[in-house]
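Work through these exercises with the model open. Each task is followed by a stepwise solution.

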Amino acid sequence: MQRILSGIKPSGDLNIGGYGGALSQFVKYQHEYESFFFVPDLHAVTVYQDPAELHQRSREIAAYYIAAGIDPQKSAIFLQSQVSAHAQMGWLMETQVHFGELNRMTQFKEKAEGKEGVSSALFTYPALMAADILLYQATHVPVGDDQKQHLEMTRDLAERFNSRYGQTFTLPEPITPEIGSRIMSLDDPSRKMSKSNPNLNSYILLQDSPEIIRKKLSRAVTDSEGMVRYDWEHKPAVSNLIEIYAVFTDESTDVIEQRYAGQGYGMFKQELADVVIAKLEPMQQRFREIVGSSELDIILRQGAEKAAAAANNTLRKASEAMGFVMFE
Ligand code: TYM
């Protein structure tokens, strides 16, 4: 069976961008692949995290995985820091990646720009991400658009390693959804929706209340044409809203366009809020039940055990291939 691995960093509250590009995909693919869904907490700390917040958010991301519909009986759900093979394989990958390759990563440039005291881990982050994926011999990795460059690097490192040391790693393919792989800010359709945007109305969080969701969507920028038409080139703001609608209903953009043909933006925005709320409310309820429960602890422990078994196997193979002395 083919395998997927993916994760969402616990470095900010989850927004509907992460839902569209990643979480909704995880839920969809869990039945078709053997699946590993992890919380990349080691990645989160490449930028300072308040310890109490990191702790809480790590649990929250895992709880959202379950609340969104990932079945922990079928898929391993775990915290990255609980499977030490990630850090170990991360080091092996750092020995393979070139400085120049890391230097070309656009995410590093964006995140480091204008900041002081940028950690070296933020720079080498893609090596750890490659390790995450290769440890599980993942065939596919569901991600949003912004992670594609990291996936390409992962493939390059796998190929380099295999040709230097012998066939060890599977080359993974990214899976990006046609709709929802790049959800943009509600205040500016040229910027990715992100929690780091200082304008609180620019993103919708998975935990937002119905009133807040309505308020944010009613303020979302549109254009002066007054037609609900899917056309990224000429109508990026409206196209973004149509994509959000599509993510939350699984309908095609054509169907949505036709439904609102000849109507202005008022009704469209109201009904967009309805469909977002209809999906998020039951998820929030399940989230509240699970986030502080011992059930979550059990799921995470069992997930880490299952993950460690797979990961340690590959770590051993890679370590032997590189020539490290290994005892039984
Ligand atoms: P992260 O935590 O920034 O984002 C998690 C996932 O959500 C997607 N995403 C979006 N998709 C559409 N529109 C948006 N506005 C949006 N914002 C975020 C991201 O593309 C991503 O798929 N490096 C990764 C975490 C990671 C990982 C991995 C992922 C670490 N190791 C191994 C896959 C496999 C990250 O920072 O994603």
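**Exercise 1.** In which helix is the place of Q107? Then list the contacts of Q107.

Solution. This is a predicted model: local features need pLDDT of at least 70, side-chain atom pairs count only at pLDDT 80 or more, and totals for chains, interfaces and linings use all residues. Residues are numbered from 1 along each chain as its sequence is written, and side-chain values use heavy atoms, with hydrogens and water left out.

- Step 1. Q107 sits in helix α6. Helices are DSSP runs of H or I with at least four residues, numbered from the N terminus.
- Step 2. Q107 has a relative accessible area of 9%, so it is buried. Buried means under 20% relative accessible area, exposed over 50%, partly exposed in between (1.4 Å probe, protein chains only).
- Step 3. Leave aside the neighbours within four places in sequence; Q107 then contacts D146, Q147, Q149, H150 and K192. Contact means heavy atoms within 4.5 Å.

**Exercise 2.** Describe the largest cavity and its lining.

Solution.

- Step 1. Fix the term. On a 1 Å grid over the protein atoms alone, a cavity is a set of points where a 1.4 Å probe fits but cannot get out; a pocket is an open set with protein on both sides within 12 Å along at least five of seven lines. Lining residues have an atom within 4 Å of a point.
- Step 2. Count. There are three cavities of 30 Å³ or more.
- Step 3. The largest cavity holds about 80 Å³. A volume is the space filled by probe spheres set on the grid points, which are joined across faces, edges and corners.
- Step 4. Its lining is L102, M105, Q107, F108, K111, L122, F123, Y125, P126 and H150. Two elements, α6 (106-112) and α7 (120-135), give two or more residues each. α7 gives the most, with four.
- Step 5. By class, the lining of the largest cavity has seven nonpolar residues, two polar and one charged. Ala, Val, Leu, Ile, Met, Phe, Trp, Tyr, Cys and Pro count as nonpolar; Asp, Glu, Lys and Arg as charged; the others, Gly among them, as polar.

**Exercise 3.** Is helix α10 largely enclosed or not, and does its span agree with its residue count?Solution.

- Step 1. Helix α10 covers residues 236-249, 14 residues. The expected span is 1.5 Å times one less than the number of residues.
- Step 2. That should give 20 Å, and the end C-alpha atoms are 20 Å apart, which agrees.
- Step 3. In α10, 12 of the 14 residues are buried, so the helix is largely enclosed by the rest of the structure. Among them are L241, I244 and F248.
- Step 4. These buried residues pack against α1 (16-29), α9 (210-219), α11 (253-259) and α12 (265-291).
- Step 5. D250 follows α10, and its phi is positive, near 65°.

**Exercise 4.** Where does the second largest pocket lie with respect to domain 1 and domain 2?

Solution.

- Step 1. The chain divides into domain 1 (3-180 + 293-322) and domain 2 (200-288). These bounds come from an automatic or database domain assignment.
- Step 2. The domain centres, taken over C-alpha atoms, are 29 Å apart. The contact takes 16 residues from domain 1 and 17 residues from domain 2.
- Step 3. The second largest pocket has a volume of about 340 Å³. Of its 18 lining residues, S24, Q25, K28, V247 and D250 are the closest to its centre.
- Step 4. α1 gives the most to this lining, with seven residues.
- Step 5. Both domains give residues to the lining of the second largest pocket, so it lies between them.
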